[in-house]
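Here are my notes on the model you asked me to look over. I have kept them as numbered points so you can follow along with the structure open.

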Amino acid sequence: MNTDAHRIRVLKPLVHLASLAPLAWLFWLGAQGQFGPNPAEFINRYSGDWAIRFLLIALAVTPLRGLTGWAGAMRFRRMLGLYAFFYALLHVASYVALDQYFAWGAIWQDILKRNYITVGMLALVILTALAVTSPKAMVKKLGGRNWTRLHKLVYVAAIAAPVHFFMMRKGFQIEPLIYGGIAGALLAYRAAARLRVHFRVRAAASAASEEAGAKAA
Ligand code: HEM
């Protein structure tokens, strides 16, 4: 086995363990009765925080590959994205079950009337679409181009999640701004990488046409 495949095999269970640690910690806090005076709010906020963190971590994988040159990093992107979806589901489930007691009418009114819930819903719908289409078989089914186009929506989710957080808090809050700043930096990295490729392709095309012109002359 080559060293890269070995590294990935060793790292995968460790990444799973690290990704499940926040869940284990939540159970531990619950067992110790440490959810504070409002357990529903505690679980909701805790899971929301981890959903946004995993979303940003998953988005950081491509820049990490670009900066380190380690292509194996890409083998962790789907896994980390699915953990973001998992914590987002936990977050929304806690809202539906512990905050709203499955009052679907009130939940629907919340989605329509409270802007921060509308934005959260947008992020969740996107994460759901990305999770459902994440298996390799779906890439084949949708076609590589369509799949890539759909998965670009992750950037909309990465912006919507901190906006949802920012709108939910009253007054000036630094935490959602930090998440928003990280999402913005990751987006800027992608945009810069695309521009670099664009200019490289243009430069190569013009060099080729100059060479062809010189040969013809
Ligand atoms: C239908 C979708 C969603 C609903 C109904 C929803 C609902 C909520 C609610 C009720 C709160 C807490 C409000 C409070 O305590 O006063 C909240 C906070 C939050 N949500 Fe969501 N949310 C949704 C989607 C998402 C998604 C997809 C993410 C992340 C990817 C997310 C991340 C957060 C974060 C980070 C917070 C703040 C946690 C904190 O205060 O530390 N939410 N959301």
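**Notes on the predicted model**

1. Let's begin with the core. The largest nonpolar core has 34 residues, and the members that touch the most others are Phe54, Leu55, Ala84, Leu127 and Ala157. Five helices each put in at least two residues: α2 (39-59), α4 (77-99), α6 (115-132), α9 (154-168) and α10 (174-216). Of these, α2 gives the largest share of the core, with 10 residues. Keep in mind that this is a predicted model.

2. Leu127 is a good place to zoom in. Once you set aside its neighbours within four places in sequence, Leu127 is in contact with Ala84, Phe85, Ala88 and Ala157. Ala84 and Ala157 turn up again here, having been listed with Leu127 among the core residues that touch the most other members.

3. Now the ligand. Which residues are the closest of the 23 that surround the ligand? They are Arg45, Gly48, Ala51, Gly120 and Ala123. Two or more shell residues come from each of α2, α4, α6 and α9. Here too α2 provides the largest share, 8 residues of the shell. So if you want one helix to look at in both settings, try α2: it has the largest share of the core and the largest share of the ligand shell.

4. How does the shell around the ligand divide into nonpolar, polar and charged residues? The count is 14 nonpolar, 5 polar and 4 charged.

5. On the overall fold, the protein chain has 10 helices and 0 strands. Its radius of gyration is 21 Å, well over the 17 Å that the globule rule gives for 217 residues, so the chain is more spread out than a compact globule. Along the principal axes, the C-alpha atoms fill a box of roughly 80 × 45 × 35 Å.

6. Two more figures for the whole chain. Buried residues make up 20% of the 217. Taking contacts between residues at least 6 apart in sequence, 65% join residues at least 24 apart.

7. α4 deserves its own point. This helix has 23 residues and spans 32 Å from its first C-alpha to its last, close to the expected 33 Å at 1.5 Å a residue. Its buried residues are Leu80, Gly81, Tyr83, Ala84, Phe85, Tyr87, Ala88, Leu90, His91, Val92, Ser94 and Tyr95. The cover over these buried residues includes α1 (3-31), α2, α3 (61-68) and α6. Three of the Leu127 contacts, Ala84, Phe85 and Ala88, are in that buried list.

8. As background for the spacing in that list, an α-helix has 3.6 residues a turn, so residues three or four places apart point the same way.

9. Please check the backbone just past α4. Tyr101 takes a positive phi of about 50 degrees there, and Tyr101 sits in the loop between α4 and α5 (104-113). Phe102 is in the loop between α4 and α5 as well, with a positive phi of about 60 degrees although it is not a glycine. Most residues other than glycine have a negative phi.

10. Are these two loop residues buried or exposed? Tyr101 counts as exposed because it has 10 C-beta neighbours inside 10 Å. Phe102 has 9 C-beta neighbours inside 10 Å, so Phe102 counts as exposed too.

How values were computed:
Residues numbered from 1 in each chain as written. Predicted model: local features only at pLDDT ≥ 70, side-chain atom pairs only at ≥ 80, totals over all residues. Core = buried A, V, L, I, M, F, W, Y, C linked by C-beta atoms within 7 Å. Buried ≥ 20, exposed ≤ 12 C-beta atoms within 10 Å, placed from the backbone. Helix = DSSP H or I, 4+ residues; strand = E, 2+ residues; numbered from the N terminus. Contact = placed C-beta atoms within 7 Å. Near = placed C-beta within 6 Å. Nonpolar A, V, L, I, M, F, W, Y, C, P; charged D, E, K, R; others polar. Rg over C-alpha atoms; globule rule 2.2 N^0.38 Å. Expected span 1.5 Å × (residues − 1).
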